[in-house]
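User: I would like to learn how to read the burial pattern of a helix from a set of coordinates. Could you take me through one case?

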Amino acid sequence: MEEVAHQLEALFSHVLDGQQSLDEPTVATVRQNLDLIEDLVADVLKPEPTRPLSAPGPKPAPPGADSRAPATDTADAGSGSYLRVGAEQMEELSDSMHQLLSELQADAGIDDALRQIELEIRGLRRSWDHLHAQVNALPSPMGQSRSKPSFLPRLRDFDQDLKALFRKVSALSRDRRQSSWSIEQAARQVRDNIDRVSLVSAETVFGGFGHMVREIARKAGRDVNVRSIGLDVQVDRQVLQALKDPVMHLLRNAVSHGAEPPDERRAAGKAERAEVTLELASRGGRLAISIRDDGRGPDLRRIERVAVDRGLLQARDPGQPPPMIDQLLSLVFTPGFSTADEVDRLSGRGIGLSVVAEAVRKLQGSVLLRPRYPHGTEVLLNVPLTAARQPLLLLEAEGRMFGLPSHAVERLLRLPANALESVEGRPTARIEIGGQDVVVPVVTLAALTGSPNAPLPSEAGHVKAVLVRHGSRTCALAVNAFHDVRTMLVSDVQAIGLSELVSGTTFLDDELPALVLSPDRLVEHWIRNESRLAAGGLGIAHRAPEEERRARTILVVDDSITTRTLEKSILEAQGYEVLLSVDGIDALHVLRSGEAMIDLVIADVEMPRMDGFGLLQAIKNDPRFSTLPVILMTSRADPEDVRRGLDLGASAYITKQKFDQRELLATIGQVL
């Protein structure tokens with residue numbers, strides 16, 4: 001399969017370079033190779049013959065084996081998936097479950113105490129009613145003195161009972177708070193133990209890499225020593241499987257670029273045998289993977305030259321300083337980027353590193369390439385230990401809620417607005433980092449996420465900011481408010497494709513989605529667009545007064561609550577008034593009610609009751625709305641659908657697969 005895939009890659013590379021045309025014979029060759037791969041895969045997945053009853057079972061574990069060791073692999077049988085779990089892990093899970101049950105039982109005891117207090121309150125109520133009746137039955141004031149002793153003792157008893165009741169209520173309130181805290185901690189322990197059961201040792205997936213890399217190096221005529229460190233770390237099986245191919249490719253790259261000929265290594269004062277290291281570590285709920293070599297290190301001049309040739313960088317004038325190392329090295333993850341002089345089995349097509357970056361980002365992680373000193377290169381991968389859940393800092397910028405993975409947050413800042421400085425027209429702050437005063441750029445999060453002219457938000461003379469780091473670059477993201485830090489489920493956003501800065505979505509308590517941002521891509525975006533995003537200088541002036549003219553109103557029509565809400569947040573951040581409808585019928589009701597003056601309709605095509613085409617036709621056939629502009633934004637990218645929408649009178653047709661919020665805002669600006 002690998003050989004066939006390499007042949008296809010080479011063929012596609014020749015087509016892209018113009019060395020070969022995509023004619024009928026070439027297409028036929030591609031299809032034959034794809035069919036061959038499909039046959040090879042089917043052959044691998046073919047079920048094995050049923051094992052005879054006399055066949056030996058699995059070998060028993062050797063004496064003294066660690067019962068905590070999880071499964072060495074997973075296996076599919078029929079339609080189910082099976083995972084071996086260490087006995088001690090199950091015991092810990094059982095213990096934590098019993099602890100949670102005991103806390104719940106203790107909580108039930110508080111309910112009994114509440115019922116007892118309720119009975120005592122009823123008794124006090126009856127005593128008070130009886131005492132009240134006695135007071136009302138008193139004779140005239142002249143006779144009151146004679147009857148007074150009869151109810152004073154009861155009044156004193158009532159007062160004592162009332163004080164005792166207050167003490168019980170206070171104690172019960174304390175017990176309730178303690179019980180709630182204990183239950184929460186016990187539930188967290190159960191959750192953590194359940195998570196641990198789903199974790200497996202990295203050895204199960206990466207254990208054979210050392211042998212594979214040595215075999216690859218041997219076939220390439222290179223002498224390489226491969227070291228593996230930390231393979232006993234426990235990681236979600238899905239994460240390991242998703243990283244299997246990316247890590248293998250990085251190890252191939254380390255052999256290809258890091259294993260020089262022996263004479264070259266001797267001349268550089270190195271050992272004749274090259275060394276490649278794979279190291280894994282668990283840090284703060286994250287998996288850190290390092291793939292490093294002791295080779296030549298990245299060729300920064302060649303990377304810059306290739307970037308200029310591909311239009312990723314502008315050519316430098318003589319005497320102009322070179323780009324920053326982080327900026328240069330981030331370019332190697334661009335699709336098709338390669339510095340290899342020739343294509344071989346190990347490198348040269350410029351495909352692998354972009355695939356590595358995409359796989360890591362799908363896991364809400366980050367990838368970083370950096371030189372090692374005195375020799376070599378290191379690639380750092382940082383991903384969550386579990387695939388779906390991760391700790392997020394929830395924050396607000398220009399009325400929109402965002403989630404920022406907490407592992408990337410260096411510090412939360414409250415900066416005096418009058419202490420900010422302007423460096424080359426860009427707002428900066430002096431922050432102590434590692435015992436030194438460091439000048440850090442300050443940029444509004446809203447400016448990075450689609451509102452380039454947003455001012456720095458300030459409150460009571462201070463600016464709230466999040467200090468984030470990517471490589472050697474540090475940036476302070478100014479926000480309107482910090483809300484909370486929670487461990488939340490993060491979903492992928494492939495179908496929405498809103499922005500390269502977004503790595504996922506999560507749902508808040510009100511079931512509204514919030515965008516989860518990628519800290520690394522935020523900093524990279526800042527580096528690429530530094531001059532444009534900082535053009536406003538300090539820009540701390542409070543928000544400009546509302547424009548005298550009426551704000552434009554846009555009606556968003558989509559049956560997906562996620563898409564509706566995300567579009568609403570984007571448009572409101574630009575100052576538009578936004579109304580929402582769930583389908584074409586609902587949208588027509590809003591238009592015909594006359595309750596709001598609509599300036600533009602943005603509609604999906606695939607909706608229940610009345611789709612986008614039907615809505616567009618109804619709008620254009622109604623004399624009251626025939627001039628109302630309509631933008632269709634849908635996943636239906638078929639040319640016939642595009643032509644139909646434009647023929648019906650749509651002002652623009654945007655496909656969600658290629659959707660970028662800047663394109664949407666630019667289109668709206670042209671239409672309005």
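Analyst: What follows goes from the whole chain to one helix. The model is a predicted one, and its protein chain has 19 helices and 25 strands. Of its 672 residues, 41% count as buried, and among contacts between residues at least 6 apart in sequence, 66% join residues at least 24 apart.

User: Which residues of helix α16 are buried, and why do they line one face of the helix?

Analyst: The general idea is that an α-helix has 3.6 residues a turn, so residues three or four places apart point the same way. In this structure, α16 spans residues 584–593, and its buried residues are Gly-584, Ala-587, Leu-588, Val-590 and Leu-591. Viewed along the axis of α16, these buried residues fall within an arc of 160°, so they line one face of the helix.

User: Against which elements do the buried residues of α16 pack?

Analyst: Their partners are two strands, β21 (553–557) and β22 (577–581), together with the helix α17 (612–621).

User: What is found at the start of α16, and which residue follows the helix?

Analyst: At its start, a side-chain oxygen of Asp-583 comes to within 3.2 Å of the backbone nitrogen of Ile-585, while the residue following α16 is Gly-594, which has a positive phi, near 70°.

User: Is Leu-515, in a strand, buried or exposed?

Analyst: Buried means under 20% relative accessible area; Leu-515, which lies in strand β20 (residues 513–517), has a value of 6% and is therefore buried.

Technical notes:
Residues numbered from 1 in each chain as written. Predicted model: local features only at pLDDT ≥ 70, side-chain atom pairs only at ≥ 80, totals over all residues. Heavy atoms only, no water. Buried < 20%, exposed > 50% of the residue type's maximum accessible area, 1.4 Å probe, protein only. Helix = DSSP H or I, 4+ residues; strand = E, 2+ residues; numbered from the N terminus. Arc of directions from axis to C-beta. Contact = heavy atoms within 4.5 Å. Polar contact = N/O pair within 3.5 Å; in protein donor to acceptor, adjacent residues only side chain to side chain.
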